[in-house]
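Here are my notes from a pass through this one, roughly in the order I looked at things. Have the viewer open while you read.

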Number of protein chains: 2
Amino acid sequence: MTKMDDVAKLANVSTATVSRVLSKNPNVSLKTQRRVLEAVDILGYKPNRLASNFRKRSSKTVVVVLPDITNSFFSKIVQGLEEVAQSRGYHVLLGDTRNNVESERNFIDLVNQKFVDGMILATARLPKEEILAVSQEIPIVLACEYFDGFDIPTVTIDNVSAAREATQHLVNLGHRRIGFISGPLSIVLGRDRLKGYRQAMLINELPVEESLIQEGDFTVQAGYNAMMKLMASNHPPSAIFAASDEMAIGAMKAARNKGLNVPEDVSIIGFDDIPAGTYVHPELTTIRQPAFEIGTQAMNLLLDMIKGCAKERKQLVLPHQVVLRETTTSPRG
Amino acid sequence: MTKMDDVAKLANVSTATVSRVLSKNPNVSLKTQRRVLEAVDILGYKPNRLASNFRKRSSKTVVVVLPDITNSFFSKIVQGLEEVAQSRGYHVLLGDTRNNVESERNFIDLVNQKFVDGMILATARLPKEEILAVSQEIPIVLACEYFDGFDIPTVTIDNVSAAREATQHLVNLGHRRIGFISGPLSIVLGRDRLKGYRQAMLINELPVEESLIQEGDFTVQAGYNAMMKLMASNHPPSAIFAASDEMAIGAMKAARNKGLNVPEDVSIIGFDDIPAGTYVHPELTTIRQPAFEIGTQAMNLLLDMIKGCAKERKQLVLPHQVVLRETTTSPRG
DNA sequence: CTGAAAGCGCTTACAG
DNA sequence: CTGAAAGCGCTTACAG
């Protein structure tokens, strides 16, 4: 392996100068620069990143911890993260926990080991105290998740309002019995969407029957099961708000299996706006979360913190949007 | 920051011993071990990974280069990769090129810089000579892609046979005019699937009309467009083989828009077996690629090479499988 | 079983 | 604009 010494020797300069040229330090004469670059070229020299990382105490790498990379909502966030990471000269280490808390802890440990310069958490199953503790030491930003009452930098949408608007959309169409397929109530964002649903029902003076609320885990299968229960009621809802598009798609399958037409017999609105929402027929009405932008903003926030040029600990709330497609309409009769 | 010296001092041993204890070297007395561990605990010491990486000339990190992480086929491969990486103590650096060749080159450069110990390429837009060159120096395995006539370690399926079987399935149902929505012919795996289609047609003495073949880029939109052209013919095919599930889903949308029922009016078979194939109605018949297993095998192969315990340069061919669902049936009349 | 010492390959004050 | 020298925080032969 050729190293910097070899280059220095060939170019007749010190390693300090070689280092300066390669790091584009302007205080080197053009003549010397050329000489060094030529030597680099002749020897096919590549600086050793491991040495440089060590010396500079930075790997220019950031770990992103998420529950499931095959979930298209998260993979879109990751694409946003990666885009700005690349453009700002950083790398992203993948932390797919597959919903495993122990795995989450392992990834968080990478920042304690100084292996990465910062961390983006798109999942947070760990107790908030634990996360708060590391966040005092090291740049962390939460994407989608957040902790009430703490000032950890965060990029989210307003889940309560978004869920309220989804429900209101159904109310505006004339629905009065509206079922809610909830996300896991163990995580804030699941609770927030339920809160939004309740608010809308309350505002419109519609009774919230607990039998109209079914908890799922955001998957198609969970949506299917929840919908089956909802339809088994002797007074089934005429419209469904599902807290994720995948669950909404599961609900559509269940409705079809029961011989119901969407939206004529039952309206369905989802949440997220994943691509699959347009693969199905009819196309899914939903609440759009700007996943890619959540990624870009979170990464920009994090890198600003790492460079120390972040003004304060920001909490960004990005706009959501109702996307009208084909699965909602006015109720029969 | 507490460092190893502090621990050594507190435990009254040398840093060599601290290092041995932490790296679980067995040649340390139990008493000493306890003493060191206690000191580590008191000081809350974490070894600096950047220093350790540098010293050991290894980051225990592998970069995975792929065209698009939001594509569920690739994200499933990545999940497989990550699973074995985690279990074998490695990390994966994400290299989403978004189909950009320059980006691909940048990631490949990380191995030249010794930033990563190896690389998995699930895309290979770069000239094969370039990739072959790095593969001489450093552990690389190709996942899905391969280069004819070179011995770069590879994990793929037999795309030619898989495509032939897909086509044969349609022939067996009685179809004689079979359209093919091809992947990009600029990449081997696109060409291989076309080859399989042609073989099946030939074997069954069916004429291959060039108008029956439309090239797409694996996306839903491309499938939609290709299907529109196919249906515009004055003698349209009664069955379609699409080289990716996304294109098959696009073809289904196009058929519906034209008022055709799948499979009664036109049969469709896809390729990949992504989850979305079961979201749509009717559910998509397809060729299953074992994406997760491609990932696990590729990572195992790579890590074996890195540890130097790989016997030879292997080319693994994993089994595919026809998955019968609802989008294919016998032609009318 | 343990320690003293060298050294991994860079970068960075410091001095000139 | 350039170089000599120190040193980042570990690990690893080597010697005992």
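Which element gives the largest share of the surface near DNA strand C? Keep that in mind for a moment; bear in mind too that this is a predicted model.

1. **DNA strand C, the overview.** The element to look at is α4(A), which supplies five residues, the largest share of the surface near DNA strand C. In total, 27 residues surround this strand, and the closest are Lys3(A), Ser19(A), Arg55(A), Arg20(B) and Thr32(B). As for what the protein meets on the DNA side, 65% of the strand C atoms within 4 Å of the protein belong to sugar or phosphate, and the rest to bases.

2. **DNA strand C, atom by atom.** Try Arg55(A) for a base contact: one of its polar side-chain atoms lies 2.4 Å from a base oxygen of DNA strand C. Two side chains go to the phosphates instead. Tyr45(A) has a side-chain N or O atom 2.9 Å from a phosphate oxygen of DNA strand C, while for Thr32(B) the corresponding distance to a phosphate oxygen of that strand is 2.3 Å. The elements giving two or more residues to the surface near DNA strand C are α2 and α4 of chain A plus α2 and α4 of chain B.

3. **DNA strand D, the overview.** Now the other strand. There are 27 residues around DNA strand D, of which Arg20(A), Thr32(A), Lys3(B), Ser19(B) and Arg55(B) come nearest. Sugar and phosphate make up 64% of the strand D atoms that come within 4 Å of the protein. The biggest contributor to the surface near DNA strand D is α4(B), with five residues.

4. **DNA strand D, atom by atom.** Ser14(A) uses its backbone: an N or O atom there lies 3.0 Å from a phosphate oxygen of DNA strand D. Thr17(A) uses its side chain, with an N or O atom 2.7 Å from a phosphate oxygen of DNA strand D. For Arg57(A), a polar side-chain atom sits 2.7 Å from a sugar or linking oxygen of DNA strand D. Two or more residues each come from α2 (15–22) and α4 (49–56) of chain A, and from α2 (15–22) and α4 (49–56) of chain B.

5. **What the record says about this stretch.** An unreviewed UniProt entry annotates residues 2–56 of chain A as "domain: HTH lacI-type". In the model, residues 2–56 of chain A are 69% helix and 0% strand, and the end C-alpha atoms are 21 Å apart.

6. **How do the two chains relate?** Chain A superposes on chain B with a rotation of 180 degrees and 0.0 Å of shift along the axis, at an RMSD of 0.1 Å. That is the relation of a two-fold axis. The copies meet through the same surface, because 100% of the interface residues of chain A are also interface residues in chain B.

7. **A sheet further along chain A.** Four strands of chain A form an open parallel sheet, in the order β7-β6-β8-β9. Why do β7 and β9 each have one side without a neighbour in the sheet? β7 (213–215) and β9 (267–269) of chain A stand at the edges with a single partner strand each, so one side of each is left free of a neighbour. On average, neighbouring strands of this sheet are turned by 15 degrees against each other, direction ignored.

8. **Pairing and the helices across it.** β6 (residues 178–182) of chain A pairs with β7(A) in the parallel sense over three bridges; Ile181(A) has Gln214(A) in β7(A) as its bridge partner. Helix α10 (residues 220–232) of chain A lies across β6, β7, β8 (239–242) and β9 of chain A, at about 150 degrees to β6(A). Helix α11 (residues 245–257) of chain A lies across β6, β8 and β9 of chain A, and runs at about 160 degrees to β9(A).

Methods. Residues numbered from 1 in each chain as written. Chains lettered and ligands numbered in written order. Predicted model: local features only at pLDDT ≥ 70, side-chain atom pairs only at ≥ 80, totals over all residues. Heavy atoms only, no water. Pairing = 2+ DSSP bridges. Axes fitted to C-alpha atoms, helices over the stretch in contact; angles between N-to-C directions. Contact = heavy atoms within 4.5 Å. UniProt positions renumbered as here; feature names shortened; annotations may be inferred. Least-squares fit on C-alpha atoms with pLDDT ≥ 70 in both. Near = heavy atom within 4 Å. Polar contact = N/O pair within 3.5 Å; in protein donor to acceptor, adjacent residues only side chain to side chain.
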